[in-house]
Amino acid sequence: MSADRGVLAIYPGSFDPVTRGHEDIARRTLRLADRVLIAVAETSTQRKQPLFTVEERLELLREVFRDEPRVECASFSGLLVDFARSRGAHCIIRGLRAVSDFEYEFQMAQMNRQLWSEAETVFLTPDVPFAFLSASLVREVAALGGDVSAFVSPPVLEAMRRKLGGEARKGEFP
Ligand code: PNS
């Protein structure tokens, strides 16, 4: 916490792409913290084939949160705790949906605390409509031609349409 700018929380993830569930968690964070830094990881613990580049994900995040001056978006490489420490963010926000998230999240929280004892992970639950939403499901459904307009903001939907135009018709998904 810095005396002049209040509590900064960091909300890390892959955000490939940002969903309404992520938006919900980031906006809830602003009830607890003065500012939130949404941090797009160049390295994810769960190896996944990305749909959007890190730069594209950042652009979409900035578009989605353009109304909220207390949200900053950045990418980072290397360890989350190193990036968080460099920005003075002790509070790590993670969204917790179903019980199935718990083990992975618990492991990460413990490891992050081990790596930086001043890190505190705070879990927030999303609003009910987003309780089972994941970016990977959104990517899969969109690639197979399903309607994901309830799950992502219009700029994200548009970007997915542009990106998946050809692949969706082939019935493939990343
Ligand atoms: O949205 P995700 O993919 O579940 O987010 C996972 C993420 C990016 C938060 C995690 O993989 C991460 O922190 N990556 C950065 C590298 C790192 O610090 N790894 C050790 C985590 S204990």
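**Figure 1. Salt bridges in the predicted model.** The structure holds 13 salt bridges, and the model that contains them is predicted. One of these salt bridges is formed by D67 and R27, whose closest N and O atoms are 3.2 Å apart. The pair links distant parts of the chain, with 40 residues separating the two partners in sequence. D67 belongs to the loop between α2 (54-64) and β3 (71-76), whereas R27 is part of helix α1 (residues 20-29).

**Figure 2. The loop between β1 and α1, with F15 and P17.** Two backbone features are shown in this view. F15 lies in the loop between β1 and α1, and its phi is near 50°, a positive value in a residue other than glycine. P17 is found in the loop between β1 and α1 as well. The peptide bond that leads from D16 to P17 is cis, its omega being near 0°.

**Figure 3. The shell of residues around the ligand.** The ligand is surrounded by 17 residues, of which S14, T43, T45, K48 and L80 come nearest. By class, this shell consists of 8 nonpolar, 7 polar and 2 charged residues. β1 (8-13) and α4 (102-115) each supply at least two residues of the shell. The element that gives the most to the shell is α4, with 4 residues.

**Figure 4. Polar contacts of the ligand with T43, L80 and R94.** Backbone and side-chain atoms of the protein are both represented in this view. A nitrogen atom of the ligand lies 3.0 Å from a backbone N or O atom of T43. At L80, a polar backbone atom is 2.8 Å from an oxygen atom of the ligand. T43 and L80 are also among the residues that come nearest to the ligand. R94 takes part through its side chain, in which an N or O atom is 3.0 Å from an oxygen atom of the ligand. Taken alone, the ligand exposes 540 Å², and the protein buries 88% of that area.

**Figure 5. The pocket that holds the ligand.** The space taken by the ligand is the largest pocket of the predicted model. Helix α4 contributes 4 residues to the shell around the ligand, and strand β1 supplies at least two.

Notes. Residues are numbered from 1 along each chain as its sequence is written. This is a predicted model: local features need pLDDT of at least 70, side-chain atom pairs count only at pLDDT 80 or more; totals for chains, interfaces and linings use all residues. Side-chain values use heavy atoms; hydrogens and water are left out. A residue is near a molecule or strand if one of its heavy atoms lies within 4 Å of it. A polar contact is a pair of N or O atoms within 3.5 Å; within protein, one must be able to donate a hydrogen and the other to accept it, and residues adjacent in sequence count only if both atoms are side-chain atoms. Accessible areas come from the Shrake-Rupley method with a 1.4 Å probe; for residues, only the protein chains shown count as cover. On a 1 Å grid over the protein atoms alone, a cavity is a set of points where a 1.4 Å probe fits but cannot get out, and a pocket is an open set with protein on both sides within 12 Å along at least five of seven lines; lining residues have an atom within 4 Å of a point. A molecule sits in a cavity or pocket if more than half of its atoms lie within 2 Å of its grid points. Ala, Val, Leu, Ile, Met, Phe, Trp, Tyr, Cys and Pro count as nonpolar, Asp, Glu, Lys and Arg as charged, and the others, Gly among them, as polar. A salt bridge is a side-chain nitrogen of Lys or Arg within 4 Å of a carboxyl oxygen of Asp or Glu.
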